[in-house]
Amino acid sequence: MEDRKLRELLDDMTLEEKVDQLVQLNGSFFGKADVLTGPDAKFHMKEGRPLRTGSVLGEHGAARLKALQEKMTAAQPHHIPALFMADVIHGYKTAFPVPIALGSSFNPALAERVSAAAAREAAAAGLHVTFSPMADLVHDSRWGRCMESTGEDPWLNARMAEAMVRGFQGDDIALKGRLASCVKHFAAYGAVQAGRDYNVTELSEHTLFEDYLVSYRAAVKAGVRLVMTAFNTIDRRPCTTSRRLLRDILRDDMGFEGVVISDYSAIEETISHGTSLDHRDAARQAMEAGCDIDMMSPCYLHHVEDLIREGVLPESLLDEAVLRVLQLKNDLGLFENPCKDASEEDEQALHFCEAHQALSREAAEETTVLLKNEGILPLSEGQKIVVAGSLAEDPGMTGSWAVFADTSRTVTLRMALEELYPDADLSFFASDDISDVLLAEAAKADAVILALGENQKKTGESMSLSMIELPDNQKRLFDAVHAVNPHTVTVLFGGRPLAVPGIAEKTEALVEAWLPGSCGCYALADILFGRVNPSGRLSMSLPWCTGQLPISYAAFQTGRPKPAANGFVPFTSNYMDVPNTPLYPFGYGLSYGRCVYSPVELDTDTLTKGGSIRASITVTNEGSIPLREAVQLYIRDLHASVVRPVRQLKGVNKVTLAPGETQVVTFVIEEPMLRFYDADMHFVSEPGRFTVWVGHDSLTDNSADFTLE
Ligand code: BGC
C-alpha cells in the first residue's frame, strides 16, 4: 500500500482499533475460538472480544500462523493483518552457537550469515519479527544473560549487532526469507547491579554513552526496525517509561524512526518499581515516554482509550505510535500478503536443512576458544581416550534462546566423537559422579577429556549466580581424574565465563566451547582431533573468581596503579589475594601452529583532523596447517581531560593463512576513532599522544605511538 494511504487508514480507525494495534499478547490468549480467551485474570478479557491485537508473541509454524492470520484479519474491521513476533536469537529449528560464542568468532560476517539462516527458517514458519540482536554489553558473568550478548566490548558488540541486523533484514524486509529485527534491551540491561537479573543499574553518564549505548546506536544506524525496552532502571527511572531514554536519546539523538516495544510486562512492572501508581498510570507514562507496543501487560489494553477520551493523553500521541506499527506492517508487505513467507513446503525444505546444519558446525569452528594447550592437543585416533562428565552427553547444547530448536536432533560431544572418529579408542563416563571404573580407565588412558560447565538450563534469563566457580561435584571429578592421570583436556560448556583457576592451572588443555548449537559439537570434536584449527577469541574475559567482577580489559588507570611486579603491592590499587587482570583476557585464544607478527609500523606518526594513519603488520603462519588469525587493533589516549581506558579495541581483521603464508594487515586510524565524551559530555577528540597496538589479543605489547594534532 502507498504510505499516504496508511494515514487515511488511521483516520478511519476507531479509538479501540487503534489501541489494539499497540497490544501484544502471547498465543495462550488465542485458542481455537474466534475470540480472545483471557487465560489470566489480570487481563480481564471481555468475553467474546474479537481476536484483533496488533501483534502476537511467540506463536509459530506456517499452518498455525496462516490460520491465525486469517481469523485475525477477518476479525479486524479494516482487515489489518497481525504481526507475528518471537525470539529467534541464535536460530529457529537449527540452533547456532549462542551469541556470546558468536562474539568469540571475532567475525561479524559469520554472525550475519547465521542470522540470515535463522531468518529464512523463521520466515518460512510465518514469523515477521525477531527479538534479536540482544546488544547488551556485559562485564559480569554472574548475569545469566551473558549468553545472549556478544560480550564485553563496545566496538565488537556494535559490529556484531549491525551484522545481525543486516543478516535478519537484508536490504528489504518485504523480501522472502527476511524478518524485521528488534534490538534489545534498551538500555544497559547488561549492567544490572551485581549481575542479578532485573536489578537496577548504577551508571555514570559517561559509561552509559561511551560503553553501553554504542551497540544499540550501531543497530539503529544499520536500519533496525524495532527497539525493545529494558526491564531495568537507569538513573532510578525504569527504561520503559523513560522519556529521556526513549525520546531524547533514542529518537532525537540516535534518529530511530521505527517501533518501540516494551519487554514482557515491563510497563506493568513499573508499578512494582514504585514509579507508577497503577495500570492506568503506567500506561500513561509509557505512552508519554514513547513506548509504542505493550507486550504482555493489561495497561494499554484497558487504559489508553479512557486516557484519550478523558483528555489526559492527546490522540496525536496514540496516532503517532499506531502509524509506526502500520508502517512496519506495510514495509513487510503484510497488507498485500498477510502471511508473508509462511509455507509448509518451505518449512520442510529449510528447517534443520543440511545447509543450516553445516553452517551450525562451521560457525562453531570459529566460536570455540582454545585457552591452554601444553601439547596434548590435537589428539590422535591411535590414542586411548576417556571422556568424563555429564555434559559429554547432554543435549542441552543449543542455548535457551533458540526456543524453537529441534533439540531431539542436537549432536552431543559423544555423538560427534563416535561418528567422526570411529577408529578412536573412546570410553565414555557421561556423569559428574566419580566411579572406580572411571578412575581405573582414566589411569590407563593417553588423555582424558573432561566435559564441565553448565548446560542450557543453567544459563539464560533469570539464571543469575552469586558464585561463578564450577559446582563442587565437577571440581571433585576433575581432581579425582587428574590425580590418576594428569593428561587432561578440560572442555568448558556454558553461556558465561566461569571461574576455573585451579583447573586451568593443572589441566594440560582448556577449551571454551560455550553452547555450540545443534551441530557445534562436530566442530569441537574436529578441534580436539586437529582437523580444524581453532580461531575463537574470548568475547568476555574469564575471571579468576567471582570477586573480580565486574571486569574488563578496558579498565581505567588509577592514581596508584599496581606496578608490573607479581603479587600484592601495598598502597597501590590491587587485591591481596588475586591479580587485577583476569585469568584469560578479552581477545585471547590459541591456535595450533605458530603465528608470528612483525612489529607494528605507522606510515606517519602524526595524525591531523581529516587525515589518517595506516598501522600495518605482517602476520606469518609458521605452522604446518592453515590458520585463521583475528588481528586486533587497540588504542590508548595517553593524556586527556577525563580518564581514558588503558586500551580499547578499535578494529579486527580476521585473515586466513596457508602454511608458510605471510599477509600484510593494515588498519586505517582516523580522528573520529579517537573521540570520547569530555567532562561536558561533548563527543570530541583532544590533541596529544596515543599508543596503538596491533596484535593477537588484548595483552599484546606490539605497539607504536603517534600524535594527534
Ligand atoms: C525477555 C526478552 C524476550 C521477551 C519475549 C522477556 O522475558 O527479557 O528478551 O524477547 O521475554 O519472549
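Contact is taken here to mean heavy atoms within 4.5 Å of each other. On this basis the surroundings of individual helices and residues are described below for the predicted model.

The protein contains 19 helices and 27 strands. Its radius of gyration is 26 Å, close to the 27 Å that the globule rule gives for 709 residues, so the protein is as compact as a globular protein of that length. The C-alpha trace spans about 75 × 65 × 45 Å along the principal axes. Of the 709 residues, 62% are buried. Among contacts between residues at least 6 apart in sequence, 78% join residues at least 24 apart. The accessible surface amounts to about 25500 Å², and carbon and sulfur atoms account for 50% of this area. The protein carries 65 positive and 99 negative charges, and the mean positions of the two sets are 1 Å apart.

Helix H17 comprises residues 472-484. For its 13 residues, a rise of 1.5 Å a residue gives an expected span of 18 Å, and the end C-alpha atoms are 19 Å apart, which agrees. The buried residues in H17 are Gln474, Leu477, Phe478, Ala480, Val481 and His482. Their cover includes helix H16 (436-444), strand E14 (447-453), strand E15 (488-493) and helix H18 (501-506). Glutamine 474 has a relative accessible area of 3% and is therefore buried, the limit being under 20%. When residues up to four places away in sequence are not counted, glutamine 474 touches Leu391, Asp432, Leu452 and Gly453.

One of these partners, leucine 452, belongs to strand E14. Leucine 452 has a relative accessibility of 0% and so counts as buried. Beyond its neighbours within four places in sequence, leucine 452 is in contact with Leu391, Leu470, Gln474, Leu477, Phe478, Thr490, Val491, Leu492, Phe493 and Ile503. By contrast, arginine 251 lies 201 residues from leucine 452 along the chain, and the C-alpha atoms of the two are separated by 45 Å.

Helix H19, residues 520-528, is mostly covered, with nine of its nine residues buried. Among them are Gly520, Cys521, Tyr522 and Asp526. Helix H14 (354-367), helix H15 (413-420) and strand E16 (509-514) are included in the cover of these buried residues, as are E14 and E15. Strands E14 and E15 are also included in the cover of the buried residues of H17. Just after H19, glycine 530 adopts a positive phi of about 80°.

Several features of the backbone were also noted. The peptide bond from leucine 549 to proline 550 is cis, with omega near -5°; proline 550 is located in the loop between H19 and strand E17 (595-597). A cis peptide bond is also present from lysine 184 to histidine 185, with omega near -5°. Histidine 185 forms part of strand E5, which covers residues 180-186.

Positive phi values occur in two residues other than glycine that are described here. Arginine 236, with phi near 70°, is placed in the loop between strand E7 (233-234) and strand E8 (237-238). Its relative accessible area is 63%, and arginine 236 is thus exposed. Methionine 681 has phi near 65° and is situated in the loop between strand E24 (676-677) and strand E25 (683-684). At 23% relative accessibility, methionine 681 counts as partly exposed.

Key. Residues numbered from 1 in each chain as written. Predicted model: local features only at pLDDT ≥ 70, side-chain atom pairs only at ≥ 80, totals over all residues. Heavy atoms only, no water. Helix = DSSP H or I, 4+ residues; strand = E, 2+ residues; numbered from the N terminus. Rg over C-alpha atoms; globule rule 2.2 N^0.38 Å. Buried < 20%, exposed > 50% of the residue type's maximum accessible area, 1.4 Å probe, protein only. Areas by Shrake-Rupley, 256 points an atom, 1.4 Å probe, with all protein chains shown as cover. Lys, Arg positive; Asp, Glu negative; His and termini not counted. Charge placed at Lys NZ, Arg CZ, Asp CG, Glu CD. Expected span 1.5 Å × (residues − 1).
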